[in-house]
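Work through the exercises below with the structure open beside you. Each one sets a task and is followed by a solution that goes step by step.

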Amino acid sequence: MSTKLIISPSPHIHSGDTIEKNMYGVLIALIPASLVSFYFFGLGSLIVTLVSVCSCVFFEFFIQKYILKSKIRISDGSAFITGLLLAFNLPSNLPIWIVVIGALVAIGIAKMPYGGLGNNIFNPALVGRVFLLISFPGQMTVWPVPGVFPMQYTDALTGATTLNMIKNNFGEIPSYTSMFLGNMGGSVGEISALALLLGFAYMLWKKIITWHIPVVTVFTVFAFTGIMYAVDPMIYAHPLVHILSGGLLLGAIFMATDYATSPMTKRGMIVYAVGIGLISTVIRLWGAYPEGISFAILIMNAFTPLINIYVKPKRFGERKKND
């Protein structure tokens, strides 16, 4: 017989998706937020973004070549995404040396020691961001005031973010239009809800992610901040303010959906997203920090293995216990 029976493990039908295709799809989805950050933060945003991306790519290359002595895989785009997301979580006036430290932590501690792409337990960009927030709280909580293509970098005029205003009961909160478009203080890539939603729509269209984690996370925050607003609107901000300000949309769309650190099933994603929304809301309303999305995602990253074990689909042909 000339025909051979080939036995191989699943999957037997391939969709055509590759790691590179999905990674560069995410990079395309991040373009609108990048352009808005360059428009409002100018030179500072450009410097922080370039330093973060180049540092992440360099550290991944160096570790793969000289420490792990493995195949160089920086062309898959994951280091670019880590660098860009790390930059999106930083102030646009952050000194270069601090950005480099954040990149080293993200790649050298949160990603490569676990085996690199697909093996990390926690989102690398968020690990880098939280490390910097704890280590350099002064520099990480000084926010440049947005302008139109400003050329200042470390000498930029600074002010408070919307969440800081809410937390400390001072200043005039920006209008919903300003928050939606991005004309407010904040980290490099979190300010424009419109730009982030355009990226979300693109990833849904390309089927890079599903709607479950972003939508459920945002809905959970909206529901619980709405309850508190209804209880006492003089103390608690309107839920739309919580949705449009801070890093909620950036975290829910681009970081909570990380393949390696989020659950595999749709039911698991919903449990995971509700947890992120609840923790983020508790930190925002009653915690020491005005923002809680980074901590919430990292905490739920730790629960992802348990969610994958206990929230999973029934096996094909499996009977119920009482059958």
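Helices here are DSSP runs of H or I with at least four residues, numbered from the N terminus. The model is a predicted one.

**Exercise 1.** Place Arg129 in the structure, decide whether Arg129 is buried or exposed, and list its contacts beyond its sequence neighbours.

*Solution.* Begin with the secondary structure: Arg129 lies in helix H5, which covers residues 124-135. Next, take the relative accessible area, which is 7% for Arg129; since buried means under 20%, Arg129 is therefore buried. Then set aside the neighbours within four places in sequence, and the contacts of Arg129 are found to be Leu86, Asn89, Met140 and Ser294. For one of these contacts, Ser294, the positions along the chain are 165 residues from Arg129, and yet the two C-alpha atoms are separated by 8.1 Å.

**Exercise 2.** Follow the contact from Arg129 to Asn89, and describe the surroundings of Asn89.

*Solution.* Asn89 belongs to the loop that joins helix H3 (78-88) and helix H4 (96-108). Its relative accessible area is 5%, so Asn89 is buried. Not counting residues up to four places away in sequence, Asn89 touches Leu126, Arg129, Met140, Ser187, Leu250, Met255 and Ser294.

**Exercise 3.** Describe how helices H2 and H4 meet, and find the place of Ser52.

*Solution.* Start from the axes of H2 and H4, which come within 8 Å and cross at roughly 40°. That angle makes H2 oblique to H4, and the crossing in which H2 passes H4 is right-handed. On the H2 side the meeting residues are Ile47, Val48, Val51, Ser52, Ser55, Cys56, Phe59, Glu60 and Ile63, while H4 brings Ile96, Val99, Val100, Ala103, Leu104, Ile107 and Gly108. Sorted by class, the contact of H2 with H4 has twelve nonpolar residues, three polar and one charged. Turning to Ser52, which is found in H2, the relative accessible area is 0%, so Ser52 is buried. Apart from neighbours within four places in sequence, Ser52 is in contact with Gly83, Leu86, Ala87, Val99 and Ala103.

**Exercise 4.** Work out how helix H13 runs relative to helix H14, and which residues make the contact.

*Solution.* The axes of H13 (residues 266-286) and H14 (residues 293-310) come within 8 Å and cross at roughly 150°. Because of this angle, H13 is roughly antiparallel to H14. H13 contributes Gly268, Val271, Tyr272, Gly275, Ile276, Ile279, Ser280 and Ile283, and H14 contributes Ile293, Phe295, Ala296, Ile297, Ile299, Met300, Asn301, Thr304 and Ile307. This contact divides into twelve nonpolar, five polar and no charged residues. As for handedness, H13 passes H14 in a right-handed crossing.

**Exercise 5.** Identify the largest nonpolar core, and examine helix H12.

*Solution.* The largest nonpolar core has 84 residues, and those with the most contacts inside it are Leu85, Leu90, Met203, Phe254, Tyr272, Ile276 and Ile297. Helix H2 (residues 31-67) supplies the largest share of this core, with eleven residues. Take Leu85 as a case: beyond its neighbours within four places in sequence, Leu85 is in contact with Leu30, Ala125, Leu250, Phe254 and Met255. Leu250, Phe254 and Met255 are among the buried residues of H12. In helix H12 (residues 248-255), eight of the eight residues are buried, so H12 is largely enclosed by the rest of the structure.

Definitions and conventions:
Residues are numbered from 1 along each chain as its sequence is written. This is a predicted model: local features need pLDDT of at least 70, side-chain atom pairs count only at pLDDT 80 or more; totals for chains, interfaces and linings use all residues. Side-chain values use heavy atoms; hydrogens and water are left out. Axes are lines fitted to C-alpha atoms, for helices over the stretch in contact, and angles run from 0 to 180 degrees between N-to-C directions. Helices (H or I, at least four residues) and strands (E, at least two) are DSSP runs, numbered from the N terminus. Angles under 35 degrees count as roughly parallel, over 145 as roughly antiparallel, 65 to 115 as roughly perpendicular and the rest as oblique. A crossing is left-handed if the near helix is turned anticlockwise from the far one by less than a right angle, and right-handed if clockwise. Contact means heavy atoms within 4.5 Å. Ala, Val, Leu, Ile, Met, Phe, Trp, Tyr, Cys and Pro count as nonpolar, Asp, Glu, Lys and Arg as charged, and the others, Gly among them, as polar. A nonpolar core is a set of buried Ala, Val, Leu, Ile, Met, Phe, Trp, Tyr and Cys residues joined through side-chain atoms within 4.5 Å. Buried means under 20% relative accessible area, exposed over 50%, partly exposed in between (1.4 Å probe, protein chains only).
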